[in-house]
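Work through the exercises below with the sequence and the coordinates open. Try each task before reading its solution.

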Amino acid sequence: MNRLWFILLSVFILNTAQAQQIFSKKIILMGSRFDISVVETDAEKAKEYIQLAIDEISRIEKIISSWDANSETSLINKNAGIKPVQVSKELFQLIERSIVISKLTDGAFDISYASMDKIWHFDGSMTKMPSEEKIKQSVRKVGYQNIILNKAKHTVFLKLKGMKIGFGAIGKGYAADKVKKLLISKGVKAGIINASGDMNTWGKQPNGDDWYVAITNPLNKKKAFGLLPITNGAVVTSGNYEKYVIFNGIRYTHIINPKTGYPSSGILSVTVFAKSAELADALATSIFVMGTDVGINRVNQIPTVECIIVDDKGNIHKSKNIHINEK
């Protein structure tokens, strides 16, 4: 190649790489903050991609929201104990996968948690423990085994009257996965969808580096334990250190065991790495309920999933393939 042409081509490639930028938008959707970031050279294109992402999240919310009286999820709940409800293939498959995760976690994850009576309050108003009987009664309608699916007809039936399902522990992760898939199909080479701690990434930063996530110390949020790269995958961090009550010297936090009705204890934060934000989201919640030892043991049995747990003493526990780049 002519040396001049080689130099011009090199300059062109360099300028193209330099022209790539991260374009971002913060927005409240599904009752949570979403940070949508795409790597692009053109600001108008980036704006279009971000709007596509917003539209997709809004579409998903209309299907899975239990607050929207017209959503498919609300229709299922209204007909609990009465009749099966035919739903879209998308919602049916999400419920199917949710039940698989319930089985995988021995019921620590359960979308029928929405049936729980709200007897725990983490706003400072509680002065004593609820009675054992009240706690037992609070979960009487919870149980994924009572979600009856008919694959041939795409129907969902909740066996118990007053039973409800909700996607608070998996919905944001699912939305992050769907947006990532949509933007990749439209030609977006790299980006991050951050749904209040449920992150899904693809591609690389404009400078060619991997995306990184900081593992924060929940006892000192200004300090991070270290940095971990995320390569075309998802990471979800759930914290349990802001909403809690203390009775008899025991700290009870806002994530409640759907099988027992008692809040989880012993863990401050869980970070899960997985191929999908949906799975990472569900597992992060489940680990609080399962506890450190059982949680890590379960994660070690699932291919391509890793986790970091910070317990209430500030100790760090890691699954077998986690290697932290200490700061």
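A salt bridge here is a side-chain nitrogen of Lys or Arg within 4 Å of a carboxyl oxygen of Asp or Glu. The model is predicted.

**Exercise 1. Salt bridges**

Task: Find how many salt bridges the rule gives, then place the pairs R298–D106, E278–R97 and R59–E90 in the chain.

Solution:

Step 1. Apply the cut-off. The count comes to 10 salt bridges.

Step 2. Take R298 and D106. Their side chains meet in a salt bridge, at 3.2 Å from N to O. R298 belongs to helix α8, while D106 sits in the loop between α4 and α5 (132-138), so the pair ties together parts 192 residues apart in sequence. With 16% relative accessibility, R298 is buried. D106 is partly exposed at 45%.

Step 3. Turn to E278 and R97. Their closest N and O atoms are 2.7 Å apart. E278 is part of helix α7 (residues 277-290) and R97 of helix α4, so this salt bridge ties together parts 181 residues apart in sequence. E278 is buried, at 8% relative accessible area. R97 counts as partly exposed, at 31%.

Step 4. Finish with R59 and E90. The closest N and O atoms of this salt bridge lie 2.8 Å apart. R59 is in helix α2 (residues 43-64) and E90 in helix α4 (residues 89-104), and 31 residues separate them. R59 is partly exposed at 32%. E90 is buried because its relative accessibility of 19% falls under the 20% limit.

Step 5. Look for a network. K26, R33 and D35 are linked in one by salt bridges.

**Exercise 2. The open sheet**

Task: Write down the strand order of the open sheet of 8 strands, then identify its edges.

Solution:

Step 1. Read the order across the sheet. It runs β1-β2-β6-β7-β10-β13-β14-β15, and the pairing is antiparallel.

Step 2. Find the edges. β1 (21-29) and β15 (316-318) each have a single partner strand, so one side of each is left without a neighbour in the sheet.

Step 3. Check the turn between neighbours. On average, neighbouring strands of this sheet are turned by 10° against each other, direction ignored.

Step 4. Add the helix. Helix α6 (residues 171-185) packs on the sheet and touches β2 (32-40), β6 (191-195) and β7 (198-202). The direction of α6 makes about 20° with that of β7.

Step 5. Inspect one strand pair. Strands β10 (residues 234-239) and β13 (residues 267-274) run antiparallel and are joined by 6 bridges. Which residue of β13 is the bridge partner of V235? The partner is F273.

**Exercise 3. Positive phi**

Task: Locate H154 and T304, and classify each as buried, partly exposed or exposed.

Solution:

Step 1. Recall the background. Most residues other than glycine have a negative phi.

Step 2. Examine H154. Its phi is near 55°, a positive value in a residue other than glycine. H154 lies in the loop between β4 (147-150) and β5 (155-158). At 23% relative accessibility, H154 is partly exposed.

Step 3. Examine T304. Its phi is positive too, at about 65°, although T304 is not a glycine. The loop between α8 (292-299) and β14 (306-311) holds T304. T304 is exposed, because its relative accessible area of 54% is over the 50% limit.

How values were computed
Residues numbered from 1 in each chain as written. Predicted model: local features only at pLDDT ≥ 70, side-chain atom pairs only at ≥ 80, totals over all residues. Heavy atoms only, no water. Helix = DSSP H or I, 4+ residues; strand = E, 2+ residues; numbered from the N terminus. Buried < 20%, exposed > 50% of the residue type's maximum accessible area, 1.4 Å probe, protein only. Pairing = 2+ DSSP bridges. Axes fitted to C-alpha atoms, helices over the stretch in contact; angles between N-to-C directions. Contact = heavy atoms within 4.5 Å.
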